[in-house]
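Work through these exercises with the sequence and the model open side by side. Try each task before reading its solution.

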Amino acid sequence: MSYLQDTSAPRAQTTISQLNTMYQSGEKIAFLTAYEASFAALMDHAGVDAILVGDSLGNVIQGHTSTTPVTIEEMVYHVECVARGNQSAFLMADMPFASYSTPEQAMDNAAHLMRAGAQMVKLEGGEWLAETIRFLVDRSVPVCAHLGLMPQSVHTLGGFKVQGKSPEAAKKLIAEAKLLQDAGAQMLLLEAIPSDLGKQVTQAIQIPTIGIGAGPDCSGQVLVMHDMLGAFPGRTPKFVKNFLEGQGSIEGAIKAYVKEVKAGTFPAPEHCFKS
């Protein structure tokens, strides 16, 4: 029997209020990416707190070298697929490249993702996004901001490079985190920054931080599903661990990931960046 046909009692639906309760109590939040119904159902059954339908699907599903080719129509399709498989994990969706250039455009596209099943949308960008975040939140769209390495800006950044390494860059990132929080962001994803900066940002704001290559002191962690299963060819990022090693099943790997995130043992020092 597949997990899509699982008749066991589901967990209660996870909400942003419950994630905030976890954050306030110090319980780590375990995110994973998913792009279709079967893996979403498996993750939900294995105890993942939250699922991100990431524009990383451009890399791991479509075979592109970046996330920029992904369209809003493709994101809506994958959110719908994941929503059908998921029963209780919190569901967040990426706003893809060029889908939120103005507040009005962002609202229109966020509405499509929310109607597809997303409970929150994620946008990449710093100070320039404050007005858009405020516009969305005022219109009942929950927002997760994204700082550090921003894959949609990889051509501007000159590649997939660790961000916030200089004192000036770190100071700017902390200031932007506060600004986006004040604009109404209810969560902040931090990608590829030194672990000590991840700790500083987490301590400087009052919303959960979700790290991917941002150190163990973030409020939670996220990995791309294909990376944590060792299923994506090519160079493995420093912050990735193959949780399928030593496990007898994919479900076992997901449970091991959740367990290590909750215990604070992942990411370990070997997965972290230094200033």
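**Exercise 1: Two helices at an angle**

Helices α2 and α4 are oblique to each other, a class that takes angles outside the roughly parallel (under 35 degrees), roughly antiparallel (over 145) and roughly perpendicular (65 to 115) ranges. This is a predicted model, in which local features need pLDDT of at least 70, side-chain atom pairs count only at pLDDT 80 or more, and totals for chains, interfaces and linings use all residues. Residues are numbered from 1 along each chain as its sequence is written, and side-chain values use heavy atoms, with hydrogens and water left out.

Task: find the angle, the axis distance and the residues where α2 meets α4.

Solution.
- Step 1. Fix the elements. Helices (H or I, at least four residues) and strands (E, at least two) are DSSP runs, numbered from the N terminus. Helix α2 covers 37-46, and helix α4 covers residues 72-85.
- Step 2. Take the angle. Axes are lines fitted to C-alpha atoms, for helices over the stretch in contact, and angles run from 0 to 180 degrees between N-to-C directions. The two helices pack at about 45 degrees, with axes 7 Å apart.
- Step 3. Take the hand. The α2/α4 crossing is right-handed; that is, the near helix is turned clockwise from the far one by less than a right angle, where anticlockwise would be left-handed.
- Step 4. List the contacts (heavy atoms within 4.5 Å). Ala 37, Ala 40 and Ala 41 of α2 meet Cys 81, Val 82 and Gly 85 of α4.

**Exercise 2: The buried side of α4**

Task: which residues of α4 are buried, and what do they pack against?

Solution.
- Step 1. Check the span. α4 has 14 residues and reaches 20 Å from its first C-alpha to its last. That is close to the expected 20 Å, where the expected span is 1.5 Å times one less than the number of residues.
- Step 2. Pick out the buried residues (under 20% relative accessible area; exposed is over 50%, partly exposed in between; 1.4 Å probe, protein chains only). They are Ile 72, Met 75, Val 76, His 78, Val 79, Cys 81, Val 82 and Gly 85.
- Step 3. Recall the helix repeat. An α-helix has 3.6 residues a turn, so residues three or four places apart point the same way.
- Step 4. Name the partners. The buried residues of α4 pack against α2, β2 (50-53), α3, β3 and α5 (103-116).

**Exercise 3: The barrel and strand β4**

Task: describe the barrel, then say how β4 sits in the structure.

Solution.
- Step 1. Trace the barrel. Eight strands close it in the order β1-β2-β3-β4-β5-β6-β7-β8, with parallel pairing. Two strands pair if DSSP finds at least two bridges between them. Neighbouring strands of this sheet are turned by 25 degrees against each other on average, direction ignored.
- Step 2. Zoom in on one pair. Strands β3 (residues 90-94) and β4 (residues 120-124) run parallel and are joined by three bridges. Ala 93 stands opposite Val 121 in β4.
- Step 3. Add a helix. α6 (residues 130-138) packs on the sheet and touches β4 and β5 (143-148). Its direction makes about 160 degrees with that of β5.
- Step 4. Check burial. Five of the five residues of β4 are buried, so the strand is largely enclosed by the rest of the structure.
- Step 5. Sort by face. In a regular strand the side chains alternate between the two faces of the sheet. In β4, Met 120, Lys 122 and Glu 124 are on one side, and Val 121 and Leu 123 are on the other; all are buried.

**Exercise 4: Leu 197 between helices**

Task: is Leu 197 buried or exposed, and what does Leu 197 touch?

Solution.
- Step 1. Locate it. Leu 197 is in helix α9 (residues 195-204).
- Step 2. Read the area. Leu 197 is buried, at a relative accessible area of 1%.
- Step 3. List its contacts. Leu 197 touches Gly 164, Ala 170, Leu 173 and Ile 174, leaving out residues up to four places away in sequence.
- Step 4. Widen the view. The axes of α8 and α9 come within 10 Å and cross at roughly 30 degrees. That makes α8 roughly parallel to α9. The crossing is right-handed.
- Step 5. Place α8. Helix α8 (residues 167-183) lies across β5 and β6 (187-191), at about 175 degrees to β5.
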